[in-house]
Number of protein chains: 2
Amino acid sequence: MNSDILREKAGKLWENYVKHEFVIKMKEGGLDLESFRYYLIQDSKYVEMMLKSLLRASSLAPLSYSTKILKSIFDTRDKGMEVHSWLLSRLGISHEEIQNTGYSLVNYAYTRHLYYYSTKSWEEFLAAWAPCMWGYYEVGKFVKDSPNELYSKWAEFYASDVYKSRVDVILEALNSIKYSESLVTPFINSVKFEIMFWESALKKEPTLIIGD
Amino acid sequence: MNSDILREKAGKLWENYVKHEFVIKMKEGGLDLESFRYYLIQDSKYVEMMLKSLLRASSLAPLSYSTKILKSIFDTRDKGMEVHSWLLSRLGISHEEIQNTGYSLVNYAYTRHLYYYSTKSWEEFLAAWAPCMWGYYEVGKFVKDSPNELYSKWAEFYASDVYKSRVDVILEALNSIKYSESLVTPFINSVKFEIMFWESALKKEPTLIIGD
C-alpha cells in the first residue's frame, strides 16, 4: 500500500515526528504551557491554510474521492472545533490574537508547501497532506491519558473514532492512486515540517511572517 | 509611486537587507568562502523556482507588461548566466551538486511564498518579487569594488546597466498598478526572507528540504 511504502521511506523520521519531545512532554503532562499556547496559535493558522489547500487540490481530484474526504472533514469538524474552542478559551487565546500573530518560518514554509502541491496535483497533495492527518491519530492515542487535562482533552479528539474516520478516507484515497516516486518528496518533507513544527513550539521561535 | 511607498513601509528592514553583514563582508572582501559557496547553491535553486513563479504569474498579467518583463529577462539572461557559470566553475560547484543539495528552510519558504503569490494575482506577485530584483541592484553597486575578485565579479553583473534595465521594467510594472494595501504583506515578507537568506548563508543552516 502506498501509505505503508511512504511511511517506510520516511524511516526513523516518522518516529521522530510522532514521538517527538513535545509529544512525550504532553503525554507526561510536563509540557510548558507557553509552548502549548504557542503551538495552538500556530496550529490554528496552519489549519486555515491547510483547508484552503485541500479545497484547491480537491478541484483536481476524482469527484468520488474529493467529496468523500470533504464530507468526512465537514461531518467531524464540529467535534474538533468544540475541543479547539474549549482549549482557546482555557488559554485565553482570542481569534484576534491568532490573526495578529505572524507565522513562524516553519509554519509559513509548511503551509506554502501544502499550497504548492495543491496546485500541482491531487496525488502529490495527498502525499503532502497525509503525514499531518495520519500522524496526529497516533499522537492522539499516545497522549490521551496525559495527567494534564489540557493535553488529554487535546489528544482525545485526535484519538477518537470520529477523527479516525477522517484518516481512513484520506489513506483510502492515497492508497487508491498508482504508486509513483513523485509521492516520496512531498510526504517526507511534510514529516520533516511536522518535526520542525514541534521544535519551533518548544523553542518559541520568532513569528515574523505576516499575512494569510 | 508604489515602489517608494512599499520601500518606505519596509522601513529599516530594507537597509538590514541591502546592507546586511553578509553584504558588507562581500564588499570588504572578508566573507568566508564556504558561506559564499553555500549562498550560490541556494541562490541557484531559488532562481529556478523564481523563474517558474514568474512564468506562472505572467499568465495572469496584462500582456503588454508580462512580455516586456520576460523579454528583458531573456535578453539579459546570457550575461547573468555567464557570470554565474564562471563563479560555479571557480568554486567547483556542479549542476549535480545544486540538484542534490536540499533547500534551507528559509529558501523553501521564500520560493513557495513567490509561488503562492504567482497563483494569487499578478499585482501581489510583483510586490513579492520586487525586493529581490530591486535590492540586488543596490547590493551590486555597493559590493562591486570588493578587493575579492569573486565578490566583485558577482556584484558587477547586478550593478550593470543590463541588470538595471530589468529592474526598471519590473518597477515600471509595479508602479503601473493601482496601489492597494494588499501589496504590503508580500513585499515586506520578501524583504524579511532576503534578510534571513543572507543569515542562513552566514550560519550555513541545514539544507534538509528536498524536492523542486
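Me: What makes B:Lys120 and A:Asp212 a salt bridge?
Reply: Their closest N and O atoms are 3.2 Å apart. A salt bridge needs a side-chain nitrogen of Lys or Arg within 4 Å of a carboxyl oxygen of Asp or Glu, so the pair of B:Lys120 and A:Asp212 qualifies. Bear in mind that this is a predicted model, where local features need pLDDT of at least 70 and side-chain atom pairs count only at pLDDT 80 or more, while totals for chains, interfaces and linings use all residues. Residues are numbered from 1 along each chain as its sequence is written, chains are lettered from A and ligands numbered from 1 in the order written, and side-chain values use heavy atoms, with hydrogens and water left out.

Me: How many salt bridges and polar pairs join chain A and chain B?
Reply: The rule finds 2 salt bridges across that interface, out of a search that gives 30 over all chains. It also finds 12 residue pairs in polar contact, both at pLDDT 80 or more (N or O atoms within 3.5 Å; within protein, one able to donate a hydrogen and the other to accept it, with sequence neighbours counting only if both atoms are side-chain atoms).

Me: Which helix gives the most to chain A's side of that interface?
Reply: That's α7(A), with 11 residues. By class, this side has 14 nonpolar, 5 polar and 5 charged residues (Ala, Val, Leu, Ile, Met, Phe, Trp, Tyr, Cys and Pro are nonpolar; Asp, Glu, Lys and Arg charged; the others, Gly among them, polar).

Me: What area do chain A and chain B bury between them?
Reply: About 2100 Å², 64% of it on carbon and sulfur atoms. That is the accessible area (1.4 Å probe) lost on putting the two parts together, summed over both. In contact terms (heavy atoms within 4.5 Å), 24 residues of chain A touch 24 of chain B.

Me: Why is A:Asp75 with A:Lys71 called a salt bridge too?
Reply: Their closest N and O atoms are 2.6 Å apart, which falls within the cut-off, so the name fits. Both sit in helix α5 (residues 63-90) of chain A, 4 residues apart, about one turn of the helix (helices are DSSP runs of H or I, at least four residues, numbered from the N terminus).

Me: Which residues bring α3(B) and α11(B) together?
Reply: B:Glu21, B:Phe22, B:Val23, B:Lys25 and B:Met26 in α3(B) meet B:Trp198, B:Ala201 and B:Leu202 in α11(B). By class, that contact has 6 nonpolar, no polar and 2 charged residues.

Key
Helix = DSSP H or I, 4+ residues; strand = E, 2+ residues; numbered from the N terminus.
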